[in-house]
Amino acid sequence: MVMARTTGGEYVRRKSPETVEERDRTTSLGSRELHVLAVDDSHVDRKVIERLLKISSCRVTAVESAGRALQYLGLDGDKSAVGFDVNLIMTDYSMPGMTGYELLKKIKVSDEF
């Protein structure tokens, strides 16, 4: 047993420091998990972004192109596409086919967002 101080300033008795960190993480994010869509044509960069965000208790969906991002969001023109809710989109600027800026412009003008 250890006594640990949480980010809220209160002292709690825990079996291990990890449980205190998990409790603080849940408190700061609330009960809702942040869903991030990461768009990057570099496999290495996608994996780095994915790991960093998962450490922060985010749910991460990583895709390799702007076209895949639009498909995931249900904005690719396919009427049967479902589309998923995301809270944040992180995108590379320079990608083949469509830049990150063009992707964000398409998302912004859509009726869905």
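1. Accessible areas here come from the Shrake-Rupley method with a 1.4 Å probe. On that basis, the protein chain of this predicted model has an accessible surface of about 7,900 Å². Carbon and sulfur atoms hold 51% of that surface. Of the 113 residues in the protein chain, 28% are buried.

2. The fold may be stated briefly. The protein chain contains four helices and five strands, and its elements, read from the N terminus, follow the order β-β-α-β-α-β-α-β-α. Among the contacts with a separation of 6 or more, 51% are between residues 24 or more positions apart. One pair across a sequence gap is Asp40 and Ala62, which are 22 residues apart in sequence and have their C-alpha atoms 7.7 Å apart in space.

3. Asp40 deserves attention. Asp40 sits in the loop that joins β3 (35-39) to α2 (43-55). Its relative accessible area is 7%, so Asp40 is classed as buried. Despite this, Asp40 has no salt bridge, and the nearest side chain of opposite charge, that of Arg46, is 5.8 Å away. A salt bridge would require a side-chain nitrogen of Lys or Arg within 4 Å of a carboxyl oxygen of Asp or Glu; the separation of 5.8 Å from Arg46 therefore leaves Asp40 without one. The side chain of Asp40 does reach the backbone nitrogen of Ser42, at 2.9 Å.

4. The surroundings of Asp40 include further charged residues. Setting aside residues up to four places away in sequence, Asp40 touches Asp45, Arg46, Glu64 and Asp92. Ile49, Val63 and Met95 are also touched by Asp40.

5. Arg46 presents a related case on the positive side. Arg46 belongs to helix α2 and is buried, yet it too lacks a salt bridge. For Arg46, the nearest side chain of opposite charge is Glu64, at 5.1 Å. With neighbours within four places in sequence left aside, Arg46 is in contact with Asp40, Asp41, Ala62, Val63 and Glu64. Val63 and Glu64 also appear among the residues that Asp40 touches.

6. The structure holds three salt bridges. One of them joins the side chains of Arg68 and Glu64, with an N to O distance of 2.9 Å. Arg68 is partly exposed, with a relative accessible area of 42%. Glu64 is likewise partly exposed, at 36%. Salt bridges that share partners link Lys47, Glu50 and Lys54 into one network.

7. The network can be described pair by pair. The side chains of Glu50 and Lys47 form a salt bridge at 3.6 Å, N to O; these two residues lie three residues apart in helix α2, about one turn of the helix. The side chains of Glu50 and Lys54 form another, at 3.3 Å, N to O; here the partners are four residues apart in helix α2, again about one turn.

8. Which of these partners are buried, and which are partly exposed? Glu50 counts as buried because its relative accessibility is 15%. Lys47 counts as partly exposed, at 41% relative accessibility. Lys54 also counts as partly exposed, with a value of 47%.

9. Helix α2 also contains Leu52. Leu52 counts as exposed because its relative accessibility is 53%, the cut-off for that class being over 50%. Leu52 is part of a nonpolar surface patch that also includes Val44, Val48 and Ile55. Together, the four residues of this patch have about 400 Å² of accessible area.

10. Two points from the above merit inspection in the model. Asp40 and Arg46 are each buried without a salt bridge, and Asp40 touches Arg46. In helix α2, Glu50 and Lys47 are joined by a salt bridge, as are Glu50 and Lys54.

How values were computed:
Residues numbered from 1 in each chain as written. Predicted model: local features only at pLDDT ≥ 70, side-chain atom pairs only at ≥ 80, totals over all residues. Heavy atoms only, no water. Buried < 20%, exposed > 50% of the residue type's maximum accessible area, 1.4 Å probe, protein only. Lys, Arg positive; Asp, Glu negative; His and termini not counted. Polar contact = N/O pair within 3.5 Å; in protein donor to acceptor, adjacent residues only side chain to side chain. Contact = heavy atoms within 4.5 Å. Patch = residues over 30% accessible without salt bridge, like charges linked within 9 Å, V, L, I, M, F, W, Y side chains within 5 Å.
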